[in-house]
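Colleague: Could you take me through one part of this model in detail? I would like a close look at the salt bridges and what surrounds them.

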Amino acid sequence: MATATFYLISADSPQATQSGFEQYVVYLAQYFAKQGAKVYVQGHDKPHAERLAERFWQVEPEDFLAHNLVGEGPRYGTHIEIGYPEVAPSRNRQLVINVADNHTTFANAFAEVVDFVPSEEKAKQQARERYKQYRQAGYQLQTIEINYP
């Protein structure tokens with residue numbers, strides 16, 4: 001059964017900032033890729049996807065994992081692919097990490113979806129709408145509160 005996991009971001013967490021959030025997305029993508037998953041990270045648009053791709057280069061050398069933007073690099077060659085709504089991910093991806101505001105039409109192509117509920121009210125409402133869309137698509141839903149030190 002397909003699952004969608006929403007990570008709850010509290011206002012006082014490091015992930016509430018843009019930098020902290022992007023760092024957490026990189027962490028999650030690397031975590032799932034190290035488990036053997038082929039991960040697709042969905043950004044808002046092309047500049048956002050490029051900024052996320054750059055974040056993957058800003059890790060410690062021992063934490064580095066190969067990644068590529070959709071259409072770049074070897075086809076099916078990396079465990080982490082980064083894109084945006086106007087491009088299609090490779091067909092061999094099992095898991096999507098959605099960091100786009102309100103884009104869920106790709107969700108049925110993935111067995112597992114990771115999404116986020118920010119603390120800001122407008123973004124929280126958009127997350128509620130995505131949650132409803134996943135539920136209507138038949139996903140098993142769960143929420144996880146991000147624990148931080």
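Modeller: Happy to; I will start with the overall fold and then go through the charged pairs one at a time.

Please keep in mind that this is a predicted model. The protein chain has three helices and seven strands, and from the N terminus on they follow the order β-α-β-α-β-β-β-β-α-β. Its radius of gyration is 14 Å, close to the 15 Å that the globule rule gives for 149 residues, so the chain is as compact as a globular protein of that length. Along the principal axes, the C-alpha atoms fill a box of roughly 35 × 35 × 30 Å.

A few totals help to set the scene. Of the 149 residues, 44% count as buried. Among contacts with a separation of 6 or more, 67% are between residues 24 or more positions apart. The chain exposes about 8,100 Å², and 48% of that comes from carbon and sulfur atoms.

Now to the charges. The protein chain carries 14 positive and 18 negative side chains, and the centres of these two sets lie 7 Å apart. Six salt bridges are found in the structure, and I will go through some of them here.

Let us begin with E22 and R51, which form a salt bridge whose closest N and O atoms are 2.8 Å apart. E22 belongs to helix α1 (residues 18–34) and R51 to helix α2 (residues 46–57), so this pair ties together parts that are 29 residues apart in sequence. The two ends of the bridge have their own accessibility values. E22 has a relative accessible area of 3% and is buried, because the cut-off for that label is under 20%. R51, with a relative accessible area of 36%, is partly exposed.

What does H48 touch, leaving aside residues up to four places away in sequence? Its contacts are E22, G43 and V99, so the acid of the bridge just described is one of its partners. H48 is found in helix α2, the helix that also holds R51. With a relative accessible area of 6%, H48 is buried, and E22 is buried as well.

Next comes the pair E121 and R128, a salt bridge with its closest N and O atoms 3.4 Å apart. Here E121 is partly exposed, at a relative accessible area of 48%. R128 also counts as partly exposed, at 37% relative accessibility.

Helix α3 (residues 121–136) holds K132 and E129. These two form a salt bridge, and the closest N and O atoms are 3.4 Å apart. K132 and E129 are three residues apart in that helix, so about one helical turn separates them. K132 counts as partly exposed at 37% relative accessibility, and E129 counts as partly exposed at 31%.

Returning to the first pair, there is one more partner to add: salt bridges that share partners join E22, R51 and R55 into one network. If you have the structure open, E22 is a good residue to centre on: this buried acid bridges to R51, is touched by H48 and belongs to the network that includes R55.

Methods
Residues are numbered from 1 along each chain as its sequence is written. This is a predicted model: local features need pLDDT of at least 70, side-chain atom pairs count only at pLDDT 80 or more; totals for chains, interfaces and linings use all residues. Side-chain values use heavy atoms; hydrogens and water are left out. Helices (H or I, at least four residues) and strands (E, at least two) are DSSP runs, numbered from the N terminus. The radius of gyration is taken over C-alpha atoms; the globule rule is 2.2 Å times the number of residues to the power 0.38. Buried means under 20% relative accessible area, exposed over 50%, partly exposed in between (1.4 Å probe, protein chains only). Contact means heavy atoms within 4.5 Å. Accessible areas come from the Shrake-Rupley method with a 1.4 Å probe; for residues, only the protein chains shown count as cover. Lys and Arg count as positive and Asp and Glu as negative; His and the chain ends are not counted. The place of a charge is taken as NZ of Lys, CZ of Arg, CG of Asp or CD of Glu. A salt bridge is a side-chain nitrogen of Lys or Arg within 4 Å of a carboxyl oxygen of Asp or Glu.
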